[in-house]
Amino acid sequence: MTCRTLVAAVLGAATAAVLALPAVANASLDTQTLTVTREKGHVLACTGTGYGVDVVVDLYDNDVFGTHAAVSVRTPDDEYVRGGETGAGLFDRGRIRREFVLDSETSGTAQTVVVSGAYVRSGSPKRVHEVYDEPFGQVVTKGWNYPLRAGVTVRTMGQQVELTCGEAFAYRLTTWRPDSTAE
């Protein structure tokens with residue numbers, strides 16, 4: 001499984017989890033019943049190369065729908081991956097520190113990876129307004145993304161690799177989606 005496939009699987013699982021969760025609050029708009037959720041969390045996507053090791057780290061937390069991590073470490077001989085739901089606490093008041101055990105794609109071995117670093121808000125908040133379709137109707141999300149500047153490293157295989165983070169933001173969103181249980 002490549003890291004891209006892993007990330008796609010994690011995001012797919014996160015979407016399925018969102019659709020499967022019960023309503024947080026209900027509201028009525030015209031004759032359609034809506035589920036309203038107020039969410040906050042963080043997104044961080046980083047990559048780095050050093051000492052013959054390529055690293056990809058994607059971290060996501062959402063106070064309503066859970067915490068997900070996808071981590072990949074590639075060497076010339078093997079690729080170690082880990083992805084899916086994880087316990088809360090990836091992001092803690094400006095600090096990141098989490099240990100993951102990654103399984104090999106080919107050799108059947110495992111490697112321990114420690115992701116650590118810090119983040120701060122940087123730049124102006126960005127307004128979010130998204131409208132998209134799901135199986136039960138149109139979904140509307142409004143709120144704010146708060147850009148983050150992050151310094152993150154990964155320690156694995158006796159090496160410390162500095163990462164560059166492209167996508168990094170905190171968010172506060174309100175989402176209205178059709179209630180799939182309404183008749």
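## Close-up views of a predicted protein model

**View 1. The side chains of Glu-79 and Ser-72 meet in a polar contact of 2.8 Å.** The model shown here is a predicted one. Glu-79 belongs to strand β5, which covers residues 79–86. Is Glu-79 buried or exposed? Its relative accessible area is 8%, and buried means under 20%, so Glu-79 counts as buried. When you look at this residue, then, you are looking at a buried glutamate whose side chain has a polar partner in the side chain of Ser-72.

**View 2. Val-120 sits in strand β7 and touches Pro-147, Leu-148 and Arg-149.** Strand β7 runs over residues 110–121. The three contacts named in the title leave out residues up to four places away in sequence. Now try Tyr-146: how far is Val-120 from Tyr-146 in sequence and in space? The two are 26 residues apart in sequence, and their C-alpha atoms are 9.7 Å apart. Val-120 is partly exposed because its relative accessible area of 38% falls between the 20% and 50% cut-offs.

**View 3. Stepping back, the protein has one helix and ten strands.** Follow the chain along its sequence and you meet the helix, then the strands, in the pattern α-β-β-β-β-β-β-β-β-β-β. Of the 183 residues, 44% are buried. Among contacts with a separation of 6 or more, 56% join residues 24 or more positions apart.

**View 4. The protein exposes a surface of about 10,200 Å².** What share of this area comes from carbon and sulfur atoms? These atoms supply 50% of it.

Conventions:
Residues are numbered from 1 along each chain as its sequence is written. This is a predicted model: local features need pLDDT of at least 70, side-chain atom pairs count only at pLDDT 80 or more; totals for chains, interfaces and linings use all residues. Side-chain values use heavy atoms; hydrogens and water are left out. Helices (H or I, at least four residues) and strands (E, at least two) are DSSP runs, numbered from the N terminus. Buried means under 20% relative accessible area, exposed over 50%, partly exposed in between (1.4 Å probe, protein chains only). A polar contact is a pair of N or O atoms within 3.5 Å; within protein, one must be able to donate a hydrogen and the other to accept it, and residues adjacent in sequence count only if both atoms are side-chain atoms. Contact means heavy atoms within 4.5 Å. Accessible areas come from the Shrake-Rupley method with a 1.4 Å probe; for residues, only the protein chains shown count as cover.
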